[in-house]
Amino acid sequence: MRKSRTALLAFTLAAATLAVPTQTAAAEPAVTVTVNARAGLETVGDAAIGVNHAVWDSQLGTNAVADLMKDAGVQTMRYPGGSYSDIYHWKDNTAPGGYVAPDTDFDHFMAGVQRAGAQAMVIANYGTGTPQEAADWVRYANVEKNYGVKYWEIGNELYGNGHYGANWEADDHADKSPAGYATVAKQYAEAMKAVDPTIKIGIVLTTPGNWPDGIVAGGDAGTWNQVVLSIAGPSVDFAILHWYPGGSSSAEALSKTAQVTDAVWLARQQINRYAGKNLGIALTEINTGYGQNTQPGALFAADAYASLLAAGVFNIDWWNVHNGIGTVSTVAGHTDYGDFGLLSSASCNADGTVCEPPLNTPFAPYFGLAMTSRFVKAGDQLIRAGTSDPAIRAHAARRANGDLAVLLANTDEAASKQVSLSYAGYSPAATAQVHTFGNGDTAITTGSGSATSVTLAPNSLTTLVLRPAGSTARPATPGRPAASGVAATTATLTWPAAAAGLKYEIHRQLGTISEQWGETTGTTFTVHNLAPGTRYTANIVARDGSGRVSWASPPVTFQTGTPTAAPCAVTLTDASNWGNGYVGSIDITNTGTNPVDTWTLAFSWPTAWQQLGSGWNGTWTQTGSAVTVSNADFNKVIAPGATVNVGYVGNYQGPNVLPPLFKLNGNLCTTR
């Protein structure tokens with residue numbers, strides 16, 4: 001990304017006359033928030049909450065900015081800044097074709113990082129640099145200066161080098177294809193690790209559901225992710241995603257966080273399939289599409305960071321610390337400067353009629369990050385939390401010392417919400433520490449309140465930090481289970497033993513409910529009677545002879561297959577893709593012994609952001625998420641062993657999860 005990316009609840013009592021009795025409006029029922037401590041999600045690392053810095057920012061590395069980052073709980077700072085990374089040369093602190101502010105060299109940057117108590121995420125120049133230049137940077141940082149920089153990216157958004165038609169990223173290489181990037185990126189990784197084998201290297205991927213994800217350009221063997229992971233994946237340690245979900249209103253922008261689970265799931269599927277190893281996932285650029293400087297941006301930041309951490313993204317970096325004024329508007333009753341920065345640049349619009357607040361004044365998303373750092377610390381494990389009101393977003397995390405934290409966002413712009421909290425697998429003390437940040441606030445307020453009841457102001461963030469009511473003694477937490485032998489209706493889970501003499505409970509996460517599949521004194525368990533084509537998330541919980549229960553293990557997520565023996569088989573192919581739509585080609589094969597005379601094929605979209613555009617070789621309809629296609633006259637009969645083809649245009653505005661299940665005349669087919 002370059003510097004400027006274009007890319008109360010009020011109750012009113014009516015006045016009464018003597019002839020009409022006074023009536024009081026009924027109170028709105030309390031919103032129920034359920035926290036399930038036995039439904040464990042992912043654990044937060046020491047690089048989780050991050051920000052982007054850029055060499056064109058004159059405040060980079062200053063004490064004032066470093067202190068603000070420290071106060072917000074920032075753990076990671078990324079350098080030298082988006083697309084500038086592919087024109088920046090660290091040795092002489094230059095970026096030909098771009099502006100570099102004084103005192104923004106690598107040492108000044110690291111001084112700010114160290115003052116903030118954070119760590120660095122450094123982007124090696126792929127676009128106009130060399131593997132040797134990157135290796136020299138590693139040597140300077142970690143051998144000569146002992147900075148201990150652990151995380152290194154190879155280039156920025158290289159899929160924007162013109163290969164797919166859009167050209168914003170500098171790339172001097174003759175081969176701008178994904179194969180070209182992956183081949184040279186592998187050389188970078190080898191040269192850099194030869195200097196310091198302990199560093200972690202990241203490669204650039206496209207984010208599922210975001211351009212150019214899914215597109216296969218001319219001459220390529222597959223999509224960007226498929227090719228890059230196949231060639232460079234085995235040589236690196238993590239994958240790099242960027243996410244600017246957009247949105248023209250607060251409601252639309254905040255709805256985008258619902259895409260996180262599927263986006264990360266698809267990214268992991270691609271990593272496992274093509275890289276053949278487990279890679280970490282870092283989201284090194286993110287910003288909201290609405291209310292960049294006002295309360296919707298703060299709510300988005302906290303909700304997005306918590307959702308991504310729960311899904312296992314180990315690093316998330318907000319774009320940007322400073323960026324500059326954009327389109328000015330009024331959002332949630334306050335001036336929004338259209339500035340992608342966390343802090344004010346004190347800049348003015350073109351005609352000088354509107355100017356930002358004084359330099360380094362924090363905008364609302366800064367406090368969104370600060371509220372997130374009060375919610376989760378390194379070593380905390382996210383757990384399931386849910387709510388009865390979609391206007392309330394709820395996240396929860398447990399801490400090693402026995403504490404538990406709950407993050408609540410009230411996205412309703414007009415109404416306060418009374419919230420009642422309940423806890424499964426955890427007994428809180430009556431009083432909680434309460435952090436709040438409301439619409440228009442300029443600081444986070446900290447006080448105390450109830451652990452089971454709280455009133456949320458409109459457009460507000462609230463974090464409760466709870467202490468346990470009794471003893472915190474628990475059995476050791478089991479290790480993460482692994483799934484094997486996954487079939488249509490069965491799967492086997494295996495996990496490391498926590499300690500001797502324990503009994504293990506196997507729990508499926510079903511929203512905020514834990515559904516116990518069984519228990520065993522061993523460390524393996526086969527689950528039966530599963531639904532075909534269904535994604536499951538499970539945890540292991542240990543129980544000792546005194547009845548004490550451990551924290552939940554890290555989760556395992558797997559998807560069951562379809563029956564191997566069925567009267568029909570379906571093969572769905574993504575025949576061509578343009579980033580927000582694709583041609584789906586479906587082969588329907590009669591695997592039975594009798595002809596199929598007159599047929600209807602049915603499937604459902606896995607997400608709410610997928611729609612049927614059009615179809616052919618049959619009559620297509622969509623009702624809700626359900627899609628059907630019935631035969632045309634010319635393909636009415638499918639003989640045994642024969643195949644007919646139908647096709648459709650599918651549109652999507654998020655991660656494109658392909659349908660896993662198909663039924664022909666009500667019979668479940670094998671999905672090939």
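# A walk through the model

Start by selecting residues 568-577 and 581-590: these are strands β27 and β28, which run antiparallel and are joined by nine bridges. You're looking at a predicted model, by the way. To see how the two strands line up, click on Cys568, which stands opposite Asn590 in β28. Now follow the chain from one strand to the other. The pair makes a hairpin, with three residues between the strands. Pick out Gly579 in that turn, and you'll find a positive phi of about 95°.

Keep β27 highlighted and add residues 670-671. That's strand β38, and β27 pairs with β38 in the parallel sense, over two bridges. Which residue of β38 stands opposite Ala569? Thr670 does.

Next, jump to another part of the chain and select residues 200-204, which make up strand β6. How many of the five residues of β6 are buried? Four are, and the strand is mostly covered. Add residues 151-154 to bring in strand β5, which pairs with β6 in the parallel sense over three bridges. For a landmark in this pairing, look for Glu153, opposite Gly202 in β6.

Gly202 makes a handy stepping stone to helix α4, residues 178-195, where you should select Ala185. The C-alpha atoms of Ala185 and Gly202 are separated by 9.3 Å, with their positions 17 residues apart along the chain. Is Ala185 buried or exposed? It's buried, because its relative accessible area is 0%, and the cut-off for buried is under 20%. Setting aside residues up to four places away in sequence, Ala185 touches Tyr126, Ile154 and Ile203.

Now click on Phe238, in strand β7. With a relative accessibility of 1%, Phe238 counts as buried too. Show what is around this side chain: beyond the neighbours within four places in sequence, Phe238 has a long list of contacts, including Tyr151, Trp152 and Glu153, along with Lys200, Ile201, Gly202 and Ile203. Also among them are Met121, Leu279 and Phe314. For one more distance, draw a line from the C-alpha of Phe238 to that of Ile271, which is 33 residues away along the chain; the separation is 9.5 Å.

Time to zoom out to the largest nonpolar core, which has 124 residues. Select Met69, Phe106, Trp152, Tyr181 and Ile286 to see the ones with the most contacts inside it. Then colour helix α8, residues 295-310, which gives the largest share of this core, 11 residues. As background, nonpolar side chains in soluble globular proteins tend to be buried together.

Stay with Ile286 for a moment. Apart from neighbours within four places in sequence, its contacts include Trp243 and Tyr244, then Phe300, Ala304, Tyr305 and Leu308. Ile316, Asp317, Trp318 and Trp319 are also in contact with Ile286.

Last stop: the largest cavity, with a volume of about 110 Å³. Which of its 14 lining residues are closest to the centre? Select Thr207, Trp243, Ala263, Leu283 and Leu308. The elements giving two or more residues to the lining are β7 (238-243), α7 (260-275) and β8 (280-286). Of these, α7 provides the largest share, three residues. Colour the lining by residue type to finish: 11 residues are nonpolar, three are polar and none are charged.

Terms used:
Residues are numbered from 1 along each chain as its sequence is written. This is a predicted model: local features need pLDDT of at least 70, side-chain atom pairs count only at pLDDT 80 or more; totals for chains, interfaces and linings use all residues. Side-chain values use heavy atoms; hydrogens and water are left out. A nonpolar core is a set of buried Ala, Val, Leu, Ile, Met, Phe, Trp, Tyr and Cys residues joined through side-chain atoms within 4.5 Å. Buried means under 20% relative accessible area, exposed over 50%, partly exposed in between (1.4 Å probe, protein chains only). Contact means heavy atoms within 4.5 Å. On a 1 Å grid over the protein atoms alone, a cavity is a set of points where a 1.4 Å probe fits but cannot get out, and a pocket is an open set with protein on both sides within 12 Å along at least five of seven lines; lining residues have an atom within 4 Å of a point. Grid points are joined across faces, edges and corners, and a volume is the space filled by probe spheres set on the points. Ala, Val, Leu, Ile, Met, Phe, Trp, Tyr, Cys and Pro count as nonpolar, Asp, Glu, Lys and Arg as charged, and the others, Gly among them, as polar. Two strands pair if DSSP finds at least two bridges between them.
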